[in-house]
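Visitor: Please give me a close look at a single part of this model, and set it against its surroundings as you go.

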Amino acid sequence: MPELPENEAQRLTLERECLNRTIQSVEPGDDVTHIELPGDNERARLVGHQFTETRRHGKNVFAGSKTGPWMTVHLGMSGWLIPFDAPDDPPDHTKLLITFEGDRLLAFRCPRKLGHVRVIDDPDEYIAAEKLGPDALTIGSEKFAETFGETRSAIKSALMKQDKMAGIGNLWSDELLFQVGLHPEERADELSQDCLYELHDTMRRILKKGVAVEADYSRLPDDWLIPNRKKSDECPRCGGTIISAKVGGRTAYFCDKHQTK
DNA sequence: TGCTATGTTCTCCT
DNA sequence: GAGGAGAACATAGC
């Protein structure tokens, strides 16, 4: 369920488990049709190098070093990075397998094949080339208010546009709007400045909490939407009912009582 | 069996 | 031309 907190948790996993180990091989896994993976030459570029640092921007995780190539991973809807030790078997649906010295392996698991792995030279150049907006945890309040204050679409759709701001997806946009008490179809450019600043503050607070619990939803507060994000559940805040609607082609969950237009 | 899904990208429309 | 809405993508899980 990879949005910003999930990707930050993945970055931490790489940081803890895979740094400073020489890469011995990078091999494709099973059934790798319809998924973008580095080709033979790109995989070969990684061999012999070590990952000495990690980064994250929005939903992209990077691992690399000052002198070598970088690997960037996008988890799509179902991707996950799983470190394990030989001779354990790789997880099901492993699409890329990196073997480090010391019998440590890293599997990129991606059952629905909507993620990708690329080998790049520089994360900053990559972020610019992909036209990603500022990261949701570092964007300033003024930039946030300026960006969304001039967007004509529904606030939920706008928050998920990665070129405006990177890191928020369907799940966390629902949580943010739930906590601020905004209907997901409210037009972004019709929100007051105060409301936009409140959105920014709340977004930072909930993302920090999500990162602190490493995206383990069972450790989120009971009165948040995510643990109650199911149609017909009772709203944990006001006793209303959680309902769903299609907004910008995706299913939004929200309270019918405290999130009205 | 059929529907839904937390991702991005492409096409069509305004 | 720019921005926005909706369909399409592949496949697991309910």
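Guide: Chain A exposes about 12,100 Å², and carbon and sulfur atoms supply 44% of that area (Shrake-Rupley method, 1.4 Å probe, with only the protein chains shown counting as cover for residues). This is a predicted model, in which local features need pLDDT of at least 70 and side-chain atom pairs count only at pLDDT 80 or more, while totals for chains, interfaces and linings use all residues; side-chain values use heavy atoms, leaving out hydrogens and water. Residues are numbered from 1 along each chain as its sequence is written, with chains lettered from A and ligands numbered from 1 in the order in which they are written.

Of the 261 residues of chain A, 51% count as buried (under 20% relative accessible area with a 1.4 Å probe, protein chains only; exposed is over 50%, and partly exposed lies in between). Along its principal axes the C-alpha trace spans about 55 × 35 × 30 Å. The chain holds seven helices and ten strands (DSSP runs numbered from the N terminus: H or I for at least four residues, E for at least two).

The part to examine closely is α6, which runs over 170–180. Eleven of the eleven residues of α6 are buried, so this helix is largely enclosed by the rest of the structure. The buried residues include polar and charged ones such as Asn-170, Ser-173, Asp-174, Glu-175 and Gln-179, alongside Leu-171, Trp-172, Leu-176, Leu-177, Phe-178 and Val-180. Among the elements that cover them are the helices α1 (4–17), α5 and α7, together with the strands β9 (242–247) and β10 (250–255). Just after α6 comes Gly-181, whose phi is positive, near 80°.

From α6 one passes directly into the largest nonpolar core (buried Ala, Val, Leu, Ile, Met, Phe, Trp, Tyr and Cys joined through side-chain atoms within 4.5 Å). This core has 32 residues, of which Leu-159, Met-165, Trp-172, Leu-199 and Met-203 touch the most other members. Two or more residues each are given to this core by α4 (141–149), α5 (155–159), α6 and α7 (193–212), and the largest share, seven residues, comes from α7. Leu-199 shows how α6 is tied in: beyond its neighbours within four places in sequence, Leu-199 is in contact (heavy atoms within 4.5 Å) with Leu-176, Leu-177 and Val-180, and also with Phe-144, Ile-155, Leu-182 and Leu-191. Apart from this core lies another, of 23 residues, including Leu-19, Ile-23, Ile-35 and Leu-106.

Two of the covering helices lead on to further details. In α1 sits Arg-11, which counts as buried because its relative accessibility is 16%; leaving aside neighbours within four places in sequence, Arg-11 is in contact with Thr-54, Arg-55, Arg-56 and Val-61. In the loop between α7 and β9 are Glu-214 and Ala-215, both with a positive phi in a residue other than glycine: near 50° for Glu-214 and near 60° for Ala-215. Glu-214 is partly exposed, with a relative accessible area of 32%, whereas Ala-215, at 14%, counts as buried.

For the chain as a whole, among contacts between residues at least 6 apart in sequence, 63% join residues at least 24 apart. One backbone feature remains to be noted, a cis peptide bond joining Ala-86 and Pro-87 with omega about 10°, where Pro-87 is found in the loop between β5 (80–85) and β6 (94–100).
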